[in-house]
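Trainee: I've got a structure open and a pile of terms I'm not sure about. Can we go through why they apply?

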Amino acid sequence: MRKGVRTLLAVAASALAVVGGLVVASPPAQAATLTEVTNFGTNPSNLRMHLYVPDNIGTRPAVVVAVHYCTGTGPAFYSGTQFAQLADQYKFIVIYPSATRSGACFDVSSSASLTHNGGSDSLSIVSMVRWVVANRDGDANRVYATGASSGGMMTNVLLGAYPDVFKAGSSFMGVPFGCFATTDGSMWNSTCANGQLIKTAQQWGDQVRAAYPGYTGPRPRMQLFHGTDDTTLRYPNFGEAIKQWTNVHGLSQTPTYTDTPQSGWTRTRYGGSGVNVAVEGVSLAGVGHNLPLSGQALMAIQFFGLTSAPPSPSPSTQPSPSPSTQPSPSAPPSPSVSPSPQPQGACRIAYTVNPWNTGLTANITITNTGSSTVNGWALAFTLPGGQAITSGWNATYSPTSGAVTARNLSYNGTLAPGASTTIGFNANHTGNTGKPSSFTLNGSACAIA
């Protein structure tokens with residue numbers, strides 16, 4: 001098996017240890033138990049199926065498919081995540097598939113798995129869903145998918161290839177549908193894993209539409225979680241997946257709503273502001289390949305609409321990274337408010353770089369250390385030679401190389417004394433992954449953290 005697959009397996013194993021510590025370390029204590037189902041229907045890749053049905057489930061319950069990471073199993077994902085506990089509370093059925101091939105990764109690469117009724121793992125999982133609908137009174141109109149790492153990638157595959165089966169999905173640390181496709185029979189795509197497979201939104205959307213030719217029905221809603229410091233399935237995949245699913249839904253890549261559920265978590269919504277929007281992205285600053293974190297399974301269930309009273313979103317004035325379309329360098333949008341003068345030395349910049357091969361992700365935190373409010377800002381810095389911005393978030397960037405100026409967007413132009421905002425960008429490089437040596441905010445030099 002390729003080196004990349006072994007790397008994903010190793011990271012998945014360590015991530016499980018982290019997730020287990022943050023969430024639960026043992027199965028929920030109740031009468032209902034996890035049971036294995038055999039002979040559930042067409043199963044071309046010999047997957048195993050485990051099922052959790054809460055006590056007092058009621059009629060026509062919703063069905064959630066929860067898909068494990070490489071090296072994992074369905075029972076391990078049952079024990080290491082909160083979905084079973086949430087099923088007890090909100091009365092839905094959970095299907096836990098298990099991959100049985102060496103390495104226990106799911107097939108998100110073959111044309112069979114990426115095609116409606118084409119075969120392989122995706123069809124096996126759909127067979128599990130159909131069995132639950134037929135034999136456990138599951139509601140075929142309320143079927144959802146979620147998963148982490150390999151399971152997050154499979155979530156994209158299921159929603160792309162079977163839009164007639166799944167109503168929504170929540171992908172943790174995944175990649176866009178079709179990103180991991182291979183033609184040599186292998187299951188690892190290094191270009192995709194490293195965040196280097198870049199396409200237009202239209203190209204990504206066309207890839208989904210081609211998975212089920214002739215389908216004209218509604219498309220599943222998608223929720224995406226990704227950490228900025230993920231070195232296994234790199235963070236640029238988050239932005240590419242947002243491109244894909246906004247295009248599938250005919251939406252702009254510009255968020256219609258942004259807030260911060262927790263410090264360092266930036267949630268962007270597309271096509272509305274409520275919890276059940278068509279596309280939602282949650283960017284996690286400084287987080288690696290170890291999702292879901294505590295509380296995020298509940299966010300997924302809320303996105304599916306399975307909680308009786310999901311909390312109302314609360315706006316925040318401190319967004320952190322979330323990819324958006326990079327504006328044209330020749331005509332950057334104007335700031336929403338005109339920059340006000342900034343006293344000398346009344347700002348601080350924290351700048352972090354996560355490089356890989358020929359690309360990098362930079363995150364910049366701007367803090368107002370002065371005594372007066374900043375109304376509109378322009379941050380100037382010079383990129384090292386060979387670096388060129390390819391996409392950015394929470395600011396406009398012009399030009400894309402050399403002496404760059406980042407300007408605020410409509411929602412983050414005001415910085416009260418002591419307040420911070422985080423912006424960032426992806427860039428190509430030719431070997432120099434260094435940082436700018438100095439920064440000025442509205443013309444005044446900033447301290448560097």
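Mentor: Sure, and keep in mind that this is a predicted model. Its largest nonpolar core has 55 residues, and M49, L51, I95, V132, M154, F166 and F180 have the most contacts inside it.

Trainee: What makes that set a nonpolar core?

Mentor: A core takes buried residues of nonpolar kinds, joined through side-chain atoms within 4.5 Å. The 55 residues meet that rule, so they count as one core. Helix α4 (residues 120-135) gives the most to this core, with 7 residues. Apart from it lies another core, of 35 residues, including A62, Y78, F83 and F304.

Trainee: Which residues does F180 touch, beyond those up to four places away in sequence?

Mentor: F180 touches V108, S109, M153, V175, M187, W188, N189, C192, A193 and L233. Each is called a contact because heavy atoms come within 4.5 Å.

Trainee: Why are F83, A84, L86, A87 and D88 of helix α3 called buried?

Mentor: Buried means under 20% relative accessible area. Those five names are the buried residues of α3 (residues 83-90), so each falls under that cut-off. Right after α3 comes K91, with a positive phi, near 60°.

Trainee: How do you know that β14 and β20 pair?

Mentor: Pairing needs at least two bridges. Strand β14 (residues 378-382) and strand β20 (residues 439-441) have 3 bridges, so they pair, in the antiparallel sense. L379 has L441 in β20 as its bridge partner.

Trainee: And what makes β16 and β21 edge strands?

Mentor: The open sheet runs β16-β17-β14-β20-β21, and β16 (396-398) and β21 (444-445) each pair on one side only.

Terms used: Residues are numbered from 1 along each chain as its sequence is written. This is a predicted model: local features need pLDDT of at least 70, side-chain atom pairs count only at pLDDT 80 or more; totals for chains, interfaces and linings use all residues. Side-chain values use heavy atoms; hydrogens and water are left out. Buried means under 20% relative accessible area, exposed over 50%, partly exposed in between (1.4 Å probe, protein chains only). Helices (H or I, at least four residues) and strands (E, at least two) are DSSP runs, numbered from the N terminus.
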